[in-house]
Number of protein chains: 2
Amino acid sequence: MPTVSSVNVNGVRAASTKGLLEWLAATEADVVCLQETRALPVDLPSGFLAATAGWHLTLEPAAAKGRNGVAVLSREAPVAVRTGIGAAEFAGTGRYVEVDLPELTVASLYLPKGSAGTPKQEEKDLFLAALATHLAERREKALADGREMVVAGDFNIAPAEADIRNWKGNLAHSGFLPHERAWIATLCASGWTDVVRAVHPGVDGPYTWWSYRGRAFDNDAGWRIDHVLATSGLAARAEHAVVERAPSYDTRWSDHAPVTVRFGPP
Amino acid sequence: MPTVSSVNVNGVRAASTKGLLEWLAATEADVVCLQETRALPVDLPSGFLAATAGWHLTLEPAAAKGRNGVAVLSREAPVAVRTGIGAAEFAGTGRYVEVDLPELTVASLYLPKGSAGTPKQEEKDLFLAALATHLAERREKALADGREMVVAGDFNIAPAEADIRNWKGNLAHSGFLPHERAWIATLCASGWTDVVRAVHPGVDGPYTWWSYRGRAFDNDAGWRIDHVLATSGLAARAEHAVVERAPSYDTRWSDHAPVTVRFGPP
DNA sequence: CCTTCGAGG
DNA sequence: CCTCCAAGG
């Protein structure tokens, strides 16, 4: 009955000076997926290494310094680690890492941020296509191996109107484009479950990201773009799902908040 | 009987968030020379503009964004302003500005930092040669016009052994090279007086700059490289000369400290 | 160890 | 409005 948490840290070095370490010390998660670590292994702060000394750290940095980077912290040792989504053009971009734990496969994902009408959006769309194929394959393989699977991370897509405070103003913006929402809907109709939404249907939010600009955080003008997707059998065991929104602008240590899901026994 | 202060702020924007504004509010100086302002006029923080609302600001930024920059704050309005040291190769580098106040000419200087044996040292040496000529001319002109003159700023040269804590270890380092010390000695033998040293002969320091690295500030392992030079007649009226060293590492707002000199009536 | 810039978000 | 890089100090 693992608890899985996911958070985009917006730079593990900066976050480590602002509260990530205290959060790690307090969390009861068995697995933590991190995104935007933006550091090579050798550049991880000593405080982060100390705070995660009791965990197994699987880090997939980008080849480009200071960019992207995903990781999985797990209390249990991984029995296998795989990186990338099987598309050569995204190799070395530090956007996906997958670990097999004894009874669970967990992937940490940092999906590209797009910008409608620009090459960045084309890149995001290419990633979406490749990722859909990859996740279908990995899900099938995991289930065949007797493992359930979780894909957690920053999808940079809000699935529905309830997932953005100002959805009307964002109809033409990347992260809420119709084809992006359709992509998530298709994924969730093919054996994956958006656990937070399944546990909290019919409510606005909970948001997971707030721009640093303006008063977005204080006004809770956020987006729900960080998701924990689980294979349906596992999702059915979800007992608890929360977004750990910081109490104030001053106490948060990233522009994203952790998403934490607890699964009960089979 | 003006009081003249000089300080390298290491970025007026950063310094304004750390204590420069409080220092400006408290200073009794009539003229403040600033160096390394590193900001265009349009980028000056609103707090700095508010804190200097009672002053006249003469700013000489560098053409290159975020680099160098000198300024003079004066309680009296300048009657004339001149920039540069009359050498075309240093035009637009934001290293020298000179204002005529009713009874005093004041220059704010940021001399290039060198690095022994590199092209940077050659540039510094060229600047030294051009500056010597320029200062001789300006001094003569000021005196002819019935003004005394002050040249204040970051000279990036410690004049003598008493001006560096670890002088033996710096005999081959830029800022303490024999020909740099000779340049200052020549200047001070040609009508200019190093006011702080004149008021405090025979003591070590007071230092005006401490590296941010290591424990240099806590150990007072500094350099005296910020100077107030005055024409001899004015220097003879010096009543007080201090380096306003911050009480602790945490309270300082620049790697340099203000040098403040008070002159009595003629 | 600081401050800028510029890229990226 | 952040985090990072690189250059400059």
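Two strands are taken to pair if DSSP finds at least two bridges between them. In the predicted model examined here, this criterion is met by strand β1 (residues 3-8) of chain A and strand β12 (residues 259-263) of chain A, which run antiparallel and are joined by four bridges. Within that pairing, A:Ser6 has A:Val259 as its bridge partner in β12(A). The two strands belong to an open sheet of six strands in chain A, ordered β3-β4-β2-β1-β12-β11, in which the pairing is mixed. The edges of this sheet are formed by β3 (56-60) and β11 (238-243) of chain A, each of which pairs on one side only. On average, and with direction ignored, neighbouring strands of the sheet are turned by 10° against each other. Strands of a sheet pair through backbone hydrogen bonds, in either a parallel or an antiparallel sense.

For chain A, UniProt (unreviewed entry) places the feature "domain: Endonuclease/exonuclease/phosphatase" at residues 6-256. In the model, the span of residues 6-256 of chain A is 25% helix and 22% strand, and its end C-alpha atoms lie 10 Å apart.

In chain B, six strands likewise form an open sheet with mixed pairing, in the order β3-β4-β2-β1-β12-β11. Here the edge strands are β3 (56-60) and β11 (238-243) of chain B, each pairing on one side only, and the twist from one strand to the next averages 10°. Inside this sheet, strand β2 (residues 31-35) of chain B pairs with strand β4 (residues 70-74) of chain B in the antiparallel sense over five bridges, and B:Val31 has B:Ser74 as its bridge partner in β4(B).

Turning to the nucleic acid, DNA strand D is surrounded by 17 residues, the closest of which are A:Lys18, A:Tyr212, A:Tyr249, B:Lys113 and B:Arg213. By class, the residues of the surface near DNA strand D comprise ten charged, four nonpolar and three polar. Of the atoms of DNA strand D that lie within 4 Å of the protein, 84% belong to sugar or phosphate, the rest being base atoms. A contact with the phosphate involves A:Ala14, of which a backbone N or O atom lies 3.3 Å from a phosphate oxygen of DNA strand D. Bases of this strand are also approached: a polar side-chain atom of A:Arg38 lies 2.9 Å from a base oxygen of DNA strand D, and an N or O atom in the side chain of B:Arg213 is 2.7 Å from a base oxygen of DNA strand D.

DNA strand C is surrounded by 16 residues, with A:Lys113, A:Lys120, A:Arg213, B:Ala14 and B:Tyr249 as the closest. Among the atoms of DNA strand C that come within 4 Å of the protein, sugar and phosphate account for 83%. The surface near DNA strand C has nine charged, four nonpolar and three polar residues. Side chains from both chains reach sugar or linking oxygens of this strand, with an N or O atom in the side chain of A:Arg67 at 3.5 Å from one such oxygen and a polar side-chain atom of B:Arg13 at 3.3 Å from a sugar or linking oxygen of DNA strand C. A base oxygen of DNA strand C, in turn, is 2.9 Å from an N or O atom in the side chain of A:Arg213.

Terms used. Residues numbered from 1 in each chain as written. Chains lettered and ligands numbered in written order. Predicted model: local features only at pLDDT ≥ 70, side-chain atom pairs only at ≥ 80, totals over all residues. Heavy atoms only, no water. Near = heavy atom within 4 Å. Polar contact = N/O pair within 3.5 Å; in protein donor to acceptor, adjacent residues only side chain to side chain. Nonpolar A, V, L, I, M, F, W, Y, C, P; charged D, E, K, R; others polar. Axes fitted to C-alpha atoms, helices over the stretch in contact; angles between N-to-C directions. UniProt positions renumbered as here; feature names shortened; annotations may be inferred.
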